[in-house]
Each structure stands twice: as structure tokens, then as C-alpha cells.
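Student: I have a model open and would like to go through parts of it. Can we take it question by question?

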Amino acid sequence: MSFQEVWSPFLIGSFLWFAGIAGMGSVAYALLRLYRVEEKLRELSLVLFASIVLALVFVVADLSRPLNMPLAILGSLASGVFIAKLAVSWMTLGISLLSILLVLTLALALRHTAVPALSKFTDNKYFLALLALVGLLVTLYSGFLISSAPGVPFWNTALIPVLWLISASICAIAVLKILVHEEKLSRILTTSSLALDAAELIAIAALLNVALYSGSIAAKISARALLAGELAAPFWAGVVVLGVLAPLVLGFMLLKKEDRRLALAAAVLALIGALVLRILVIQAGVFEVVGL
């Protein structure tokens, strides 16, 4: 048995992590602006822009010839192939969504730093609705990109986009918990995070259960590698214990009394767990053997 070597777990895992932070973080920014919560929006806008830039850096770095990518995109745009591929290619759709989110988050970063006059544009409810929609689509796209990859049964399930959406929401809340100090908002974030942590645990269990009991041989190998094989140690320690259970316990403690140090610890652990989850899911991919 050998794991897939088409995608680098570290590069693609990091891409998925940053894309999730930028995606659901954009949804969070839009909601905060619509509810007139002003605290730390400047810092959040910079995190969103940096995250989408880093997501693009990591996904391009995984290409065999990354320097050819700009010319390939320009060539396909000039020939009209790019537009035709939008309806049939997750890669083409993803590049489009990531590029749009890059422009939108750049506008937000400029509005909070060098060009305040952009507020007339970026504070508009239609801009915020577009930001939230594109952020949500970027998050879902990154899940569908993995689940639609041919030949790796462990990934070929609708549970991956669901898990990615839950995990990315946890990441967005973790970033907000690191940034904000206002107690009422922090308690809302703690309560939301608890519900999402529980949902993530169920989604992870469902993903492994489906692979073990109704999947193909390759899917079973992937699930066993995570549960009791060579990936078990980082899975149980990094994802389950540190990434989900520890933030869950800290969250219940925070419900009794908000504590800045505990909130920071829970947020950092949740972010680390989400990154390890993505790296391990990519690492655990095993190609299905094709019979002749």
C-alpha cells in the first residue's frame, strides 16, 4: 500500500486551510459589518487578504510548472476555452472564485488602510452580500475539488465539502476570538464554536465510518491508516485531541467565565487541528486498484 503522490499533502493542505480561513472569514466580516460590529474589522480585513494570497501561493507551488500558469490562463482566456471550462472544471471555477475573492479582500484591506474612501463601495450591503457569497463558494469549492478527484475513493464523498465547511467556520471563529476583546461578542463566538466542534467530531466520525463499512478497499486502507496505521498518531493527537476535544473542553470552561488566555489557547488549537486535518486527509488518499 502506498499513499497518493499526485498532490503534496503539506502544500495542498495549507492551500485548503488558508482558503477556508479567507472564505468563511469573509462571511464573518460581512456579518459583522451588517450587524454594525466595528471591533477589529481592520485587522480581520488584513488577515483575509493575507490568507487568500497565501492560499494562491501554496496551490500554485504544487503545480509541476508553476511559472507556466499565468501564460496558460491568459492563453485559455484569449481562445475562449477558459469560459467554456467554467461549467465543467473545478480547477477553472476555483481559479475564478479565488481571483474574485482576492480582489474583494484587497478592496477591504485598502479601505481599512491606504484608501478610506473605498468605504462607500465596500460598506455597501451589495458588496458585503457578494463578499459573503464568494467566501462561501470558495470554501465549498475547496471541498468539492477534493471530493471530485478521480481514483481516490476516500475523498469521493459529499462528506468532505461538509467537513471543510464546518472546519473553515471553526477557523473563522478562531481568528475572531484571537482578535476581539469585547466580552459579549466573545461569548457568542464561544457558543458557536462549541456547536461547530461537536458537528466536526460527528463529520469526522461519519467520514471514517463510511470509508470503513461501505467504501472500497482503497477507502478502507485510508481510514485504517488514520485510525490505527502510520497516520494514527498525528490524527488522534493533532486532530481529535488537540484540534477538537481540547477546544471543546476549553469552550465549556469559557461558558462559565470568559478568560482571555483560555480563549486564545482554544483558538490556536482549533486552527492547528484544522490544518493537520487537511494535511492528513490529503496524505491518507490511496488510489483504487483497477482490475484488468
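Student: Does Arg36 count as buried or exposed, and at what relative accessibility?
Tutor: Note that this is a predicted model. Arg36 sits in the loop between H1 and helix H2 (41-61). The cut-off for exposed is over 50% relative accessible area. Arg36 therefore counts as exposed, at 70%.

Student: What is phi of Arg36 near?
Tutor: Arg36 is a residue other than glycine, and its phi is nevertheless positive. The value is near 60°.

Student: Which residue in the loop between H1 and H2 counts as partly exposed at 27% relative accessibility?
Tutor: Partly exposed covers the range between buried, under 20%, and exposed, over 50%. A residue at 27% falls in that range, and it lies in the loop between H1 and H2. It has a positive phi of about 65° although it is not a glycine. The residue is Lys40.

Student: Is Arg33 buried or exposed?
Tutor: Arg33 is placed in helix H1. Its contacts, leaving aside neighbours within four places in sequence, are Glu38, Leu41, Arg111, His112, Asp123 and Leu128. Buried means under 20% relative accessible area. At 9%, Arg33 therefore counts as buried.

Student: How are H1 and H12 oriented to each other?
Tutor: The axes of helix H1 (residues 9-34) and helix H12 (residues 260-283) come within 8 Å and cross at roughly 135°. Angles over 145 degrees count as roughly antiparallel, and 65 to 115 as roughly perpendicular. The angle here fits neither class, so H1 and H12 are oblique.

Student: Which residues of H12 meet H1, and how do the residues of the contact divide by class?
Tutor: On the H1 side are Pro9, Phe10, Ile12, Gly13, Ser14, Leu16, Trp17 and Ile21. They meet Leu271, Ala274, Leu275, Arg278, Ile279, Ile282 and Gln283 in H12. By class, the residues of this contact are 11 nonpolar, three polar and one charged.

Student: What is the handedness of the crossing of H1 and H8?
Tutor: H8 covers residues 159-179, and its axis comes within 8 Å of that of H1. The two axes cross at roughly 65°. The crossing is right-handed.

Student: How many charged residues are in the contact of H1 with H8?
Tutor: From H1 the contact takes Leu16, Trp17, Gly20, Ile21, Met24, Gly25, Ala28 and Leu32. From H8 it takes Trp164, Leu165, Ala168, Ser169, Cys171, Ala172, Val175 and Leu176. The classes are 13 nonpolar, three polar and, for charged residues, no members.

Student: How far apart are the end C-alpha atoms over residues 126-146?
Tutor: The unreviewed UniProt entry gives residues 126-146 as one of the ranges annotated "transmembrane region". Another range in that annotation is residues 44-61, where the chain is 100% helix and the end C-alpha atoms are 25 Å apart. Over residues 126-146 the chain is 100% helix and 0% strand, and the end C-alpha atoms are apart by 31 Å.

Student: What separates the C-alpha atoms of Glu230 and Ala284?
Tutor: Glu230 is in the loop between helix H10 (217-227) and helix H11 (232-256). Glu230 is exposed, with a relative accessible area of 60%. Along the chain, Glu230 and Ala284 are 54 residues apart. Their C-alpha atoms are separated by 9.6 Å.

How values were computed: Residues are numbered from 1 along each chain as its sequence is written. This is a predicted model: local features need pLDDT of at least 70, side-chain atom pairs count only at pLDDT 80 or more; totals for chains, interfaces and linings use all residues. Side-chain values use heavy atoms; hydrogens and water are left out. Axes are lines fitted to C-alpha atoms, for helices over the stretch in contact, and angles run from 0 to 180 degrees between N-to-C directions. Helices (H or I, at least four residues) and strands (E, at least two) are DSSP runs, numbered from the N terminus. Angles under 35 degrees count as roughly parallel, over 145 as roughly antiparallel, 65 to 115 as roughly perpendicular and the rest as oblique. Contact means heavy atoms within 4.5 Å. Ala, Val, Leu, Ile, Met, Phe, Trp, Tyr, Cys and Pro count as nonpolar, Asp, Glu, Lys and Arg as charged, and the others, Gly among them, as polar. Buried means under 20% relative accessible area, exposed over 50%, partly exposed in between (1.4 Å probe, protein chains only). UniProt positions are given in the numbering used here, feature names are shortened, and annotations may be inferred rather than shown by experiment. A crossing is left-handed if the near helix is turned anticlockwise from the far one by less than a right angle, and right-handed if clockwise.
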